[in-house]
Amino acid sequence: MKIRHRLFLLATAVLLTGATLTQTHTASAQPKTPKPKSRFAKLDGARVHYVNYGKGDDALVLIHGWTQDADAWRDQIPELAKHYRVIALDLPGHGKSDKPRFTNEPVSKDQPAKPFVYSMEHFARAVEAVMRDAKVKRAVLAGHSMGTPVARQFYRKYPDKTLGIIIVDGSLRSFGNKEMMDQMVTNLRGEKYREQIDTMFRMMFGGGLSAETQQRIKAATANTPQHVLISAFEGMADPAIWGEDKINVPVLAILAKNPFFPPNVEESFRSVAPKMEFHLWDGVGHFLMMEKPTEFNAAVISWLDKNGLLKK
């Protein structure tokens, strides 16, 4: 019973972690998807990998969730990149980005190297570094799961560079107290942490995920070192990222209907993001953009066009 309880708490914290296309995006008028360009930006001496599609001063920047990478958006990029400039990045420590354990080499015996911190602050700076390298002036940030607090932290630091935010089954509120979060971090430090994460993700998979898609998610997690996922989880547990400060740009929230979100989740989110369009989808899991890519892409395109946030 204690093990099941811990798994439930772990799944809860990671959560911190039907439409049709408009006439302007009919099949007959569809442009081709631009060819991808893989690049690396630099942040604090480490490389941050990203893939760029298209040109322009403004872009849609896709931010993956905890233990995942840019491939999480595989089913979104081909369609979205037909209409907007799109950038998908591997957050530091994830995917093809560097995964350092320390910020620098030890200066002396009395001054050892400091551990590398994969905080929401650092992730937000990585997004900005990618935008600078790609010469993007402003962006709509789409954040899945942990990508949501990353996008919110980016907005805090760079409001003039933020056109809007898309919340993909992420949260604007903390789901646990300090004691709960500390216990989860302790679990992640154990030898069987991968087994616990696999069990947790199975709880979060929806019925529409194919076996191949589930394997993609597991492969990305397996590529994320333990020191990275622990530090990133500690970053999500930081009370400083869960404030009452307002998000004053347009926000699109697409959440999965499940018991982890409180009944008043829409009201709670609106108190932080008053310019929010809210969707609560039934019958999907945490990786909802993978389960219903057509519906998800259509909802994003409709919202972007309605708010005039990105040039086609």
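**Sheet, helices and core**

Helix α11, residues 293–307, lies across β3, β5, β6, β7 (251–256) and β8, and runs at about 160° to β7. The model described here is predicted.

The strands that α11 crosses belong to an open sheet. This sheet has 8 strands with mixed pairing, and their order is β1-β2-β4-β3-β5-β6-β7-β8. The edges are taken by β1 (37–43) and β8 (276–281); each has a single partner strand, so one side of each is left without a neighbour in the sheet. On average, and with direction ignored, neighbouring strands of the sheet are turned by 20° against each other. Strands of a sheet pair through backbone hydrogen bonds, in either a parallel or an antiparallel way.

One parallel pair is β5 (residues 138–144) with β6 (residues 162–168), joined by 6 bridges. Opposite Ala-142 stands Ile-166 in β6. Helix α4, residues 147–157, also lies across this part of the sheet: it covers β3 (58–63), β5 and β6, and runs at about 165° to β6.

The largest nonpolar core holds 103 residues, and the ones that touch the most other members are Leu-60, Trp-66 and Val-127. Helix α3 (residues 120–133) supplies the largest share of this core, 8 residues.

Leu-60 ties several of these pieces together. Not counting residues up to four places away in sequence, Leu-60 touches Leu-80, Arg-85, Val-86, Ile-87, Val-140, Ala-142, Ile-166, Leu-304 and Leu-310. Among these contacts are Ala-142 and Ile-166, the two residues that stand opposite each other.

Technical notes:
Residues are numbered from 1 along each chain as its sequence is written. This is a predicted model: local features need pLDDT of at least 70, side-chain atom pairs count only at pLDDT 80 or more; totals for chains, interfaces and linings use all residues. Side-chain values use heavy atoms; hydrogens and water are left out. Two strands pair if DSSP finds at least two bridges between them. Helices (H or I, at least four residues) and strands (E, at least two) are DSSP runs, numbered from the N terminus. Axes are lines fitted to C-alpha atoms, for helices over the stretch in contact, and angles run from 0 to 180 degrees between N-to-C directions. Contact means heavy atoms within 4.5 Å. A nonpolar core is a set of buried Ala, Val, Leu, Ile, Met, Phe, Trp, Tyr and Cys residues joined through side-chain atoms within 4.5 Å. Buried means under 20% relative accessible area, exposed over 50%, partly exposed in between (1.4 Å probe, protein chains only).
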